[in-house]
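Trainee: I have a structure to go through and would like to know how its labels are justified. Could we take them one at a time?

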Amino acid sequence: WGMSDIMSLRSKGTDANSNESRPRIALELDGKVGPFKIAVRNRFEYRMKEDKDEYWRYRARAKVKFPKVGRVTPFLYEEVFYEFGDKDELNGNEAGVGAGIPLGDRLGLDVDLRCCHSRSDGQWGTGDIHLLTVFKYDF
């Protein structure tokens with residue numbers, strides 16, 4: 001398990017001038033069940049969006065890594081988002097499938113295809129499909 005206190009700064013919007021700060025704390029528990037590696041992450045983040053009210057959000061993710069196929073480690077995950085404050089509701093979910101590829105002793109690449117659903121005005125959207133690539137470096 002691990003805890004992290006991280007500050008994230010993001011630029012969003014059509015003009016890329018809408019900023020958001022997200023201090024967060026996370027607890028991650030992981031273990032093995034047979035040949036599978038299972039990790040559960042619980043994250044609380046305080047969202048401070050420019051020109052908007054600040055609020056807390058809870059994110060819970062479960063991830064399963066499968067046995068290696070050659071050098072590639074397949075995985076799948078599900079993450080739900082719960083927003084506290086004015087909305088006080090479950091308002092997002094992501095599910096994905098992907099693969100981790102080592103590029104060296106400390107460098108790796110995760111590639112995944114994810115479907116993201118969000119709730120707005122009480123209605124769930126149809127979902128967006130994203131291809132995500134993340135370089136990982138172990139310090």
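Mentor: What follows goes through the labels one by one, for a model that is predicted.

Trainee: What makes up the protein chain in terms of helices and strands?

Mentor: The protein chain has nine strands and zero helices. Read from the N terminus, the elements run β-β-β-β-β-β-β-β-β.

Trainee: How much of the protein chain is buried, and how much area does the chain expose?

Mentor: Of the 139 residues, 27% are buried. The exposed area is about 9400 Å², and carbon and sulfur atoms supply 57% of it.

Trainee: How do you know how many disulfides the structure holds?

Mentor: A disulfide needs a pair of cysteine sulfur atoms within 2.5 Å. For the sulfur of Cys115, the closest cysteine sulfur is in Cys116, at 6.7 Å, which is too far for a bond. Seen from Cys116, the closest cysteine sulfur is in Cys115, again at 6.7 Å and too far. The structure therefore holds zero disulfides.

Trainee: Why is Cys115 called partly exposed and Cys116 buried?

Mentor: Buried means under 20% relative accessible area, exposed means over 50%, and partly exposed lies in between. Cys115 has 22% relative accessibility, so it counts as partly exposed. Cys116 has 16%, so it counts as buried.

Trainee: Where is Glu45, and what makes it buried?

Mentor: Glu45 is in strand β3. Its relative accessibility is 0%, which is under 20%, so it counts as buried.

Trainee: Which residues does Glu45 touch?

Mentor: Setting aside residues up to four places away in sequence, Glu45 touches Arg22, Pro23, Arg24, Tyr55, Trp56, Arg57 and Arg59. With Arg24, the C-alpha atoms are 4.1 Å apart, while the sequence separation is 21 residues.

Trainee: Lys37 is in strand β3 too. Why is Lys37 called partly exposed?

Mentor: Lys37 has a relative accessible area of 48%, which is neither under 20% nor over 50%, so partly exposed is the label. Beyond its neighbours within four places in sequence, Lys37 is in contact with Gly31, Lys32, Lys63, Val64 and Lys65. Lys37 and Lys63 are 26 residues apart in sequence, and their C-alpha atoms are 8.1 Å apart.

Trainee: What is found in the loop between β3 and β4?

Mentor: Glu50 is one of the residues there, with β3 covering 36-49 and β4 covering 55-65. Asp51 is in that loop as well.

Trainee: Why is Glu50 called partly exposed and Asp51 exposed?

Mentor: Glu50 has a relative accessible area of 36%, between the cut-offs of 20% and 50%, so it is partly exposed. Asp51 has 76%, which is over 50%, so it is exposed. Asp51 also has a phi near 65 degrees, a positive value in a residue other than glycine. As for Glu50, its C-alpha is 6.0 Å from that of Glu20, and the two are 30 residues apart in sequence.

Trainee: What lines the second largest pocket?

Mentor: The lining consists of Lys49, Lys52, Asp53, Glu54, Tyr55, Glu83, Phe84, Gly85, Asp86 and Lys87. The volume of this pocket is about 240 Å³.

Trainee: How is that lining divided by residue kind?

Mentor: It has seven charged residues, two nonpolar and one polar. Asp, Glu, Lys and Arg count as charged, Phe and Tyr as nonpolar, and Gly as polar.

Terms used
Residues numbered from 1 in each chain as written. Predicted model: local features only at pLDDT ≥ 70, side-chain atom pairs only at ≥ 80, totals over all residues. Heavy atoms only, no water. Buried < 20%, exposed > 50% of the residue type's maximum accessible area, 1.4 Å probe, protein only. Helix = DSSP H or I, 4+ residues; strand = E, 2+ residues; numbered from the N terminus. 1 Å grid on protein atoms, 1.4 Å probe; cavity = no way out; pocket = protein on both sides within 12 Å on 5 of 7 lines; lining within 4 Å. Points joined across faces, edges and corners; volume = space filled by probe spheres on them. Areas by Shrake-Rupley, 256 points an atom, 1.4 Å probe, with all protein chains shown as cover. Contact = heavy atoms within 4.5 Å.
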